[in-house]
Amino acid sequence: MRYMKTLGLGLVAFTVGITMLFGQGNQEVANATKEGIEASKAKDWDKAIVAFKKAAQLEERYAPNLVSALQQRATLYVSQKKFPEALADYSEAIKLKSDDPGIFERRAYAEMELKDYDRALHDYNQAIKLRPEEAKYYQVRAFIYQTKGDFKAAMADVDKTLQLDPGNADAQQRKKFLQAKLHGTPTPVPMPSGPIRNPNAPPQTTTTATPTPVKR
């Protein structure tokens, strides 16, 4: 699997949240948030989620902490190939923050690992509704359509990808493949299985020497 940006979930948002809480004097919420932050620093996501759930139940506006922790635990589950568990956490996060296309994208990755392309297609549809000018969403949705045998829909998404990102090498190659499928001409070199990049994994960048993982 290749491609994707890192999961941008740090402890900064958690720290800001607790500062606000102490300023407001809501001690119970502050204590739960503090416990969640400490658990997050220790990467104890089970404990963090319990604490942040308590805080969010008391003060709904602090639900973003819970959303972040759920995604962090889902990221861990994906790395362990525990995809059903990851799906459960992403689904809970989406209930709390349904306007974030990145969560739909990350859930779709887990769904594709389970070969559930119908649900993955649904999630990319949602991501595109939320961010229609994001080329990578059409790029991966084209792959999903191709996998399902809907070459016409795949071609439409490839064309949209190239409209938004004319230099996209994967889309250029995929277009040749799909043209051969649609017009009955000899199929060129088989397409790679991608572009399914893992949105939970940090990207790779190259220096003058060797590739180095980069966290943003």
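This is a short tour of the model, from the whole chain down to one helix pair and two loop residues. Keep in mind that the model is predicted.

**Stop 1: the whole chain**

Start with everything shown as cartoon. You should find 10 helices and two strands in the protein chain. Trace the cartoon along the sequence and the order reads α-α-α-α-α-α-α-α-α-α-β-β, with the two strands coming after the helices.

Now switch on a surface. The protein chain exposes about 11400 Å², and carbon and sulfur atoms supply 52% of that area. Of the 216 residues, 46% count as buried. If you like contact maps, draw one here: among contacts with a separation of 6 or more, 52% join residues 24 or more positions apart.

**Stop 2: residues 83-96 and 101-113**

Next, select helix H5 (residues 83-96) together with helix H6 (residues 101-113) and hide the rest. A pair of packed helices is described by two numbers, the angle between the axes and the distance between them. Here the angle is about 155° and the axes are 9 Å apart. Angles over 145 degrees count as roughly antiparallel, so H5 and H6 fall into that class. The crossing of the two is left-handed.

Which residues of H5 and H6 make the contact? Show side chains for Phe 83, Leu 87, Tyr 90, Ser 91, Ala 93 and Ile 94 on H5. Then, on H6, add Ile 103, Phe 104, Arg 106, Arg 107, Ala 110, Glu 111 and Glu 113. Colour the set by residue class and you get eight nonpolar, one polar and four charged residues. Ser 91 is the polar one, while the charged ones are Arg 106, Arg 107, Glu 111 and Glu 113, from H6.

**Stop 3: Lys 81**

Step back along the chain from H5 to the loop that links it to helix H4 (63-79), and pick Lys 81. Check its backbone torsions: phi is positive, about 60°, although Lys 81 is not a glycine. Is Lys 81 buried or exposed? With a relative accessible area of 62%, Lys 81 is exposed.

**Stop 4: Lys 115**

Finally, go to the loop between H6 and helix H7 (117-130) and select Lys 115. Lys 115 is another residue other than glycine with a positive phi, near 65°. The side to look at is again the surface: Lys 115 counts as exposed, at 60% relative accessibility. Leave both lysines highlighted and you have one marked residue in the H4–H5 loop and one in the H6–H7 loop.

Technical notes:
Residues are numbered from 1 along each chain as its sequence is written. This is a predicted model: local features need pLDDT of at least 70, side-chain atom pairs count only at pLDDT 80 or more; totals for chains, interfaces and linings use all residues. Side-chain values use heavy atoms; hydrogens and water are left out. Helices (H or I, at least four residues) and strands (E, at least two) are DSSP runs, numbered from the N terminus. Buried means under 20% relative accessible area, exposed over 50%, partly exposed in between (1.4 Å probe, protein chains only). Contact means heavy atoms within 4.5 Å. Accessible areas come from the Shrake-Rupley method with a 1.4 Å probe; for residues, only the protein chains shown count as cover. Axes are lines fitted to C-alpha atoms, for helices over the stretch in contact, and angles run from 0 to 180 degrees between N-to-C directions. Angles under 35 degrees count as roughly parallel, over 145 as roughly antiparallel, 65 to 115 as roughly perpendicular and the rest as oblique. A crossing is left-handed if the near helix is turned anticlockwise from the far one by less than a right angle, and right-handed if clockwise.
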